[in-house]
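Here are my notes on the model you sent round. Please read them with the structure open beside you.

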Amino acid sequence: MAENDIRIKRKIIHIDMDAFYASVEQRDNPEYRGKPLVVGGLPEGRGGVVATASYEARKFGIRSAMPSKQALQLCPHAIFVRPRFAAYKEVSQKIREIFGRYTDLIEPLSLDEAYLDVTNDKLNIGSAIEIAQQIKQAIKDELNLTASAGVSVNKFVAKIASDIKKPDGLTFIGPSSVESFIENLPVEKFYGVGKVTADKMKKQGLFTGADLKKLTENEMITQFGKAGAFYYRIVRGIDDRDVQPHRETKSMGAEDTFAYDLTGIDEMYAELEKIAKTVHDRLLRYQLKGRTITLKIKYSDFRQITRSLSLPNCTDDFDSILNTSKNLLAATDTENSRIRLLGITVSNFIPVETKSIPPSDQLRLFDI
Ligand SMILES: [Mg+2]
């Protein structure tokens, strides 16, 4: 506790653009305005998913990551468009520019989301609420888009706060209300708690932050592993994580958990091919090439191994990624194994100095 107490109270803002991809499309294409719009994979394509749905589409129950086919069923008159990443990146850079007027401590989480530390803002405004308001206004005036902001003393609370009054919201959780805010927070709203963990918590009668607070640190760790230690501190209002302006994505990959365990090498290769395709697409999209290919295998008994190989040159080539992954797989004991998950990651990217790499944060969106 002491370390937290002596620390100067920070002022953290989390800014999150509202329905970002869909809003940019509606801004640039007047014919989409006021209509249910889905940006993502097309419903006629195989395996397409929703990246972002406009608020009009959300009324029909359409959500991000939902199969586009299902979205079409929910709203047969929805308009489906493919994402224009170049356009979103451009807007993202302009948003970043606006942030930069107030602070250099900017940690982007994706194209449309960032943490800002404004404890010592460049313009000596002092009030984080005022800064958040000005940023929202500048985004409106200059970019014709809306954002929601969360203002608090740490990243965890700021992030949850930005989601409270979407769209075009601003929520402030002051130092004295942080602890009670977290106590009242349902466990599924905890950032990082997925559905599986939330269900596990609820089964044990843990529904809110206050319930989690009743467990000792050891109990939290036993129950929820590393994350348990993190949440033990979070429910006490302690989150010392800094806003990290230079955090970089070091890898890009994809993985898949299978509906049934893979037992034959042919089916394993077939699945690897699909995963390699996804990784290849992502590398191309962000113009990245990496030297190291890592294969992740999780067996039916949940044992997990990774195997890596560094190539002589950086690559984004589909065949190189696939063949390297196949070789790595073949070097393991595939004969007697039942595999429930396979993943491929490419890392060891060309250094930033020699090649223009989009800011890491833009990649994290599709990272695993
Ligand atoms: Mg957003």
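1. **Terms and ground rules.** A residue is called buried if 20 or more other C-beta atoms lie within 10 Å of its own, exposed if 12 or fewer do, and partly exposed in between, with C-beta atoms placed from the backbone. By that count P36 is buried, because 23 other C-beta atoms lie within 10 Å. This is a predicted model: local features need pLDDT of at least 70, side-chain atom pairs count only at pLDDT 80 or more, and totals for chains, interfaces and linings use all residues. Residues are numbered from 1 along each chain as its sequence is written.

2. **Confidence.** pLDDT is the predictor's confidence in each residue, from 0 to 100. The protein chain has a mean of 89, and 91% of its residues reach 70 or more. Residues 351-368 are a weak spot, with pLDDT below 50. That stretch still has 32 contacts in the model beyond near neighbours in sequence. A contact here means two C-beta atoms, placed from the backbone, within 7 Å.

3. **Overall build.** The protein chain holds 14 helices and twelve strands. These are DSSP runs numbered from the N terminus: helices are H or I with at least four residues, strands are E with at least two. The radius of gyration is 22 Å, which agrees with the value near 21 Å for a compact globule of 368 residues. That radius is taken over C-alpha atoms, and the globule rule is 2.2 Å times the number of residues to the power 0.38. The C-alpha atoms fill a box of roughly 60 × 55 × 45 Å along the principal axes. Of the 368 residues, 36% count as buried. Among contacts between residues at least 6 apart in sequence, 62% join residues at least 24 apart.

4. **The five-stranded sheet.** This open sheet has the order β5-β6-β1-β7-β8, with mixed pairing. β5 (106-110) and β8 (170-172) each have a single partner strand, so one side of each is left without a neighbour in the sheet. The twist averages 15° from one strand to the next. Two strands count as paired if DSSP finds at least two bridges between them. β5 and β6 (residues 113-117) pair antiparallel over four bridges. One bridge there has E107 with Y115 as its partner in β6.

5. **Strand β7.** Is β7 mostly covered or mostly open? Mostly covered: six of its six residues are buried. A147, A149 and V151 are buried on one side, and S148, G150 and S152 on the other. In a regular strand the side chains alternate between the two faces of the sheet. β7 pairs with β1 in the antiparallel sense over six bridges, and D16 stands opposite S148. Towards β8 the pairing is parallel, with three bridges; V151 has F172 as its bridge partner. Helix α7 (residues 155-162) lies across β1 (12-17), β6, β7 (147-152) and β8, at about 145° to β7. Axes are lines fitted to C-alpha atoms, for helices over the stretch in contact, and angles run from 0 to 180 degrees between N-to-C directions.

6. **E113.** The UniProt annotation "active site", from an unreviewed entry, covers E113. UniProt positions are given in the numbering used here, feature names are shortened, and annotations may be inferred rather than shown by experiment. E113 lies in strand β6. It counts as buried, with 21 C-beta neighbours inside 10 Å. Leaving aside neighbours within four places in sequence, E113 is in contact with I15, D16 and P108.

7. **P36.** P36 sits in the loop between α2 (20-28) and β2 (37-40). Outside four places in sequence, its contacts include S54, F60, C75 and H77. The C-alpha atoms of P36 and S64 are 13 Å apart, although 28 residues separate the two along the chain.

8. **The four-stranded sheet.** The order is β9-β12-β10-β11, open, with antiparallel pairing. β9 (251-262) and β11 are the edge strands, each pairing on one side only. β9 and β12 (residues 339-349) share eight bridges, and T257 has L341 as its bridge partner. Helix α13 (residues 318-330) lies across β10 (290-299), β11 and β12, at about 140° to β11.

9. **T315.** T315 is found in β11 (residues 304-315). It is partly exposed, with 18 other C-beta atoms within 10 Å. Not counting residues up to four places away, T315 touches K289, S320 and I321.
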